[in-house]
Amino acid sequence: MSGIVHWIADTWGSETMPVLGRRLLRPFRVHHVNPGDFLRRDFIDTNGDVATLVIPFLASAFLIPTATQPGRAAAVFVAAFGACALPTNQVHQWAHREPPPLAVGWLQKCGLLLSREQHRRHHAAPFAMNYCITNGWCNRALTAAGFFPRLERLVSRLTGVEPRGEDRAFAAAAAEREREAGGDPA
Ligand SMILES: [Zn+2]
Ligand SMILES: [Zn+2]
């Protein structure tokens with residue numbers, strides 16, 4: 001799921017779209033142009049948007065009737081799914097930290113959290129592989145199957161929209177803004 005959300009944010013739509021553009025698409029695109037900026041974001045800034053989306057989803061588990069076996073299974077699924085989704089952006093930030101906190105580095109080495117090596121491959125243009133940013137377990141299989149390129153071709157065929165159509169213009173505008181601010185684009 002983290003891969004699908006990340007792929008959508010990287011590939012489709014415009015940062016000028018209402019709400020979604022500013023809250024979801026823009027941060028992912030800024031992150032490609034300037035990955036170092038992510039490390040300057042504090043805990044709330046890093047996790048707030050994901051938490052806002054996940055908390056109602058987690059809370060909905062209380063509404064599922066648990067008198068039956070399928071109901072209990074559904075409640076456990078919703079709670080487990082929400083609990084995994086909640087730290088996604090934190091795990092993503094750790095994949096950029098050099099060195100990561102000690103325990104996190106160990107979890108990355110064990111493959112329980114997204115590894116820095118795996119995520120580094122996502123950060124090579126055109127940013128079109130290894131979208132999964134929680135534990136990264138699906139990245140290798142999805143890349144081997146050509147899952148996202150196939151999905152992009154299908155979406156393009158159905159809608160006529162070009163994937164990552166705004167990437168070059170976005171990178172140029174971000175570099176221009178950095179120059180005007182006297183900063184150094186990463
Ligand atoms: Zn990305
Ligand atoms: Zn990243």
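Let me open with a question: is D37 buried, partly exposed or exposed? At 29% relative accessibility, D37 counts as partly exposed. Hello everyone, and please keep in mind that what we have on the screen is a predicted model.

D37 has a partner, so to speak. Its side chain meets that of R40 in a salt bridge, with 3.5 Å from N to O. R40 is exposed, with a relative accessible area of 61%. As a general point, side chains of opposite charge can pair when their charged atoms come close.

How many salt bridges does a search of the whole structure find? The count is nine. Let me walk you through a couple more.

One of them joins E15 and R26, whose closest N and O atoms are 3.0 Å apart. This pair links distant parts of the chain: E15 belongs to the loop between α1 and α2, while R26 is in helix α2, 11 residues apart. Both ends are partly exposed, E15 at 23% relative accessibility and R26 at 24%.

Now please look at R116 and E98. They form a salt bridge too, and here the closest N and O atoms are 2.9 Å apart. Again distant parts of the chain are linked: R116 is in helix α7, residues 116–122, and E98 is in the loop between α5 and α6, 18 residues apart. The two ends contrast nicely. R116 is buried, with a relative accessible area of 19%, where the cut-off for buried is under 20%. E98, on the other hand, counts as exposed at 54%. There is a third member as well: E98, R116 and R120 are linked in a network of salt bridges.

Let's turn to the helices, starting with α1, which spans residues 2–11. Seven of its 10 residues are buried, so α1 is largely enclosed by the rest of the structure. If you want to find them on the model, they are S2, G3, H6, W7, A9, D10 and T11. What do these buried residues pack against? The list is α2, α5, α7, α9 and α10. After α1 comes G13, which has a positive phi, near 80 degrees.

Helix α6, residues 102–110, makes a good next stop. Its buried residues are V104, G105 and Q108. They cover an arc of only 100 degrees around the axis, which puts them on the same side of α6. Turn to the other side of α6, and L102, A103, W106 and K109 are exposed. The general background is that an α-helix has 3.6 residues a turn, so residues three or four places apart point the same way. As for neighbours, the buried residues of α6 pack against α5 and α7. A glycine with positive phi follows here too: G111, near 85 degrees.

I have saved the metal for last. Which residues coordinate the zinc ion, ligand 2? They are H31, H92, H96, H119 and H123, each through NE2, at 2.0 to 2.2 Å. Along the chain, these donors follow the spacing H-x60-H-x3-H-x22-H-x3-H. H31 lies in helix α2 and H119 in helix α7, so this pair ties together parts that are 88 residues apart in sequence. H31 and H119 are both buried.

To bring that together, α7 holds R116 of the salt-bridge network and also H119 of the zinc site. Thanks for listening!

Notes
Residues are numbered from 1 along each chain as its sequence is written. Chains are lettered from A and ligands numbered from 1 in the order in which they are written. This is a predicted model: local features need pLDDT of at least 70, side-chain atom pairs count only at pLDDT 80 or more; totals for chains, interfaces and linings use all residues. Side-chain values use heavy atoms; hydrogens and water are left out. A salt bridge is a side-chain nitrogen of Lys or Arg within 4 Å of a carboxyl oxygen of Asp or Glu. Helices (H or I, at least four residues) and strands (E, at least two) are DSSP runs, numbered from the N terminus. Buried means under 20% relative accessible area, exposed over 50%, partly exposed in between (1.4 Å probe, protein chains only). Contact means heavy atoms within 4.5 Å. The arc is that of the directions from the helix axis to the C-beta atoms. Donors are N, O and S atoms within 2.8 Å of the metal (3.2 Å for Na, K and Ca); water is not among the atoms, so sites may look incomplete.
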